[in-house]
Amino acid sequence: MAFEGLSEKLNATFKHLRGKGRLSEEDIKLAMREVRLALLEADVSYKVVKDFVKTVSERAVGAEVLDSLTPAQQVIKIVSEELTALMGGANAKLTFASKPPTVVMMVGLQGAGKTTNVAKLAGYFRKQGHRPLLTACDVYRPAAITQLQVVGKQLNIPVFEMGQIDPVQIAQEAVKYAGDHGNDMVFLDTAGRLHIDEALMDELKRIKAAVKPTEILLVVDAMTGQDAVNAATAFDEALGIDGVVLTKLDGDARGGAALSIRAATGKPIKFMGTGEKLDMIEPFHPDRMAQRILGMGDVLSFIERAEQSIDEEKAKKLEEKLKKNRFTLSDYYDQLVQLKSMGSFEQLAGMMPGQLGKQMANAELDPKMMAHTEAIILSMTPYERENPAVLGASRKKRIAAGCGLEVVDVNRLLKQFEMMQSMIKQVTRGGKMPKGMGGFGGGRMRGFGRKKRFK
């Protein structure tokens with residue numbers, strides 16, 4: 001989980017401060033020493049750490065903290081505000097051209113995940129109602145064009161390619177094609193190198209001069225730490241980038257790149273990759289990230305992800321069914337699919353504040369058992385899913401054979417389902433529905449695939 005080590009160390013420091021009651025300047029000095037060490041261990045650049053600690057210390061020894069009734073909370077508030085400022089203050093949105101198409105030129109080194117994230121970003125904006133066009137301008141890396149075509153097909157987004165000719169010509173023709181065919185956004189997947197060289201920069205400069213992109217976004221791998229910051233600095237000096245897409249943030253337990261890039265380049269992180277799936281890209285919100293780092297959670301992002309995952313029509317139908325105590329295995333399966341689409345439990349746990357996040361992170365959610373649940377339900381006929389009471393011995397044997405499991409596994413699932421039906425009858429007794437019970441069973445559908453349920 002991103003910032004895991006930093007979050008633990010900062011929270012340990014603040015826990016010690018909370019136990020003090022009133023704070024002295026010496027208490028704050030010792031706390032800032034721990035903050036400095038935590039940031040350096042998180043691979044934040046030394047200069048950034050030095051400036052950050054100096055700013056926080058100056059504010060923390062002022063009257064607003066030492067004279068406060070809750071000084072520890074005031075210190076945490078200051079650290080939160082300064083972390084937010086360090087990462088850019090507010091979410092930096094993508095700039096759109098006054099006259100379509102908006103041309104987004106994506107640049108970066110090989111291995112940063114540029115091609116995948118070009119497609120992710122195009123998919124993100126298509127959900128916003130735009131009509132993006134992917135453009136294959138990387139004519140050097142083997143299979144780069146094919147890779148873009150594959151991810152484009154998965155997202156149902158058109159890909160413009162002209163083979164291995166001059167990338168400048170490809171970019172120009174793509175912009176013209178977009179104007180003629182109603183595509184209001186053009187994403188240019190440019191070539192990368194294993195390192196920054198003159199030939200790479202010269203080609204990127206020629207593309208920039210030819211198509212005058214609305215935005216130039218640099219894709220960097222968060223897991224490379226300070227190398228990501230160095231790459232951002234070099235690309236900005238040579239090309240003049242408008243923002244950064246930080247990939248693999250979910251796999252970077254330290255988080256130093258996210259905390260250093262804005263300070264080093266002055267350019268904002270606009271989007272972050274949160275997983276391998278093609279829908280796992282989010283706008284970067286500095287204030288929300290600061291709250292996550294300090295263990296306060298990110299409930300807003302959790303709600304946004306839930307809203308994207310929940311099918312409103314299905315949620316309404318489910319609510320009506322629950323009112324009538326009519327909950328079937330088909331509904332059970334739909335809830336499982338929606339829960340899975342929200343991402344891993346580890347990611348969701350990172351959005352939850354305090355102890356709730358820790359409890360979710362430690363939950364025994366077994367992907368194998370979730371897969372078994374799914375396989376069993378899909379091996380049933382539609383009639384059996386809607387009427388599980390008809391499942392006798394012969395039907396159970398056929399279902400078990402169909403999904404490659406044992407009859408005992410089918411019985412366990414049905415037992416779990418019966419328990420949920422019983423619980424739903426209790427909470428909906430009298431035809432009354434608890435508020436918000438529609439989506440995800442009102443948060444009461446936590447038993448999916450937990451090991452302890454299948455013992």
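This report covers the overall make-up, a strand region, a helix pair and some unusual backbone sites.

The model is predicted, so local features need pLDDT of at least 70 and side-chain atom pairs count only at pLDDT 80 or more, while totals for chains, interfaces and linings use all residues. Residues are numbered from 1 along each chain as its sequence is written, and side-chain values use heavy atoms, with hydrogens and water left out.

**Overall make-up**

The protein has 21 helices and 8 strands. Helices (H or I, at least four residues) and strands (E, at least two) are DSSP runs, numbered from the N terminus. Of the 455 residues, 49% are buried. Buried means under 20% relative accessible area, exposed means over 50%, and partly exposed lies in between (1.4 Å probe, protein chains only). Contact means heavy atoms within 4.5 Å. Among contacts between residues at least 6 apart in sequence, 75% join residues at least 24 apart.

**Strand β7 and its partners**

Strand β7 spans residues 269-273, and 5 of its 5 residues are buried. Strands pair if DSSP finds at least two bridges between them. Strand β6 (residues 243-247) runs parallel to β7, with 3 bridges joining them. Leu246 has Met272 in β7 as its bridge partner. Strand β8 (residues 281-283) pairs with β7 in the antiparallel sense, also over 3 bridges. There, Gly273 stands opposite Ile281 in β8.

**Helices α6 and α7**

How do α6 and α7 run relative to each other? They are roughly parallel. The axes of α6 and α7 (residues 144-155) come within 9 Å and cross at roughly 25 degrees. Axes are lines fitted to C-alpha atoms, for helices over the stretch in contact, and angles run from 0 to 180 degrees between N-to-C directions. Angles under 35 degrees count as roughly parallel, over 145 as roughly antiparallel, 65 to 115 as roughly perpendicular and the rest as oblique. The α6 and α7 crossing is right-handed. A crossing is right-handed if the near helix is turned clockwise from the far one by less than a right angle, and left-handed if anticlockwise.

On the α6 side, the meeting residues are Thr115, Thr116, Ala119, Lys120, Gly123 and Arg126; on the α7 side, they are Ala144, Gln147, Leu148, Val151 and Leu155.

Lys120 lies in α6 (residues 114-127). Is Lys120 buried or exposed? Lys120 is buried, at 4% relative accessibility. Leaving aside residues up to four places away in sequence, Lys120 touches Leu155, Gly275, Glu276, Lys277, Leu278, Met280 and Ile281. Ile281 is the β8 residue opposite Gly273.

**Unusual backbone sites**

Most residues other than glycine have a negative phi, and most peptide bonds are trans. Two non-glycine residues with positive phi are listed below.

| Residue | Phi | Loop | Relative accessibility |
|---|---|---|---|
| Asn156 | about 60 degrees | between α7 and β3 (159-160) | 63%, exposed |
| Lys212 | about 45 degrees | between α9 (198-211) and β5 (215-221) | 64%, exposed |

A cis peptide bond joins Pro100 and Pro101, with omega about 5 degrees. Pro101 is in the loop between α5 (71-86) and β1 (102-107).

**Cysteines**

How many disulfides does a search of the whole structure find? The search finds 0. A disulfide here is a pair of cysteine sulfur atoms within 2.5 Å. Cys137 is buried at 0% relative accessibility. Cys403 is also buried, with a relative accessible area of 18%.
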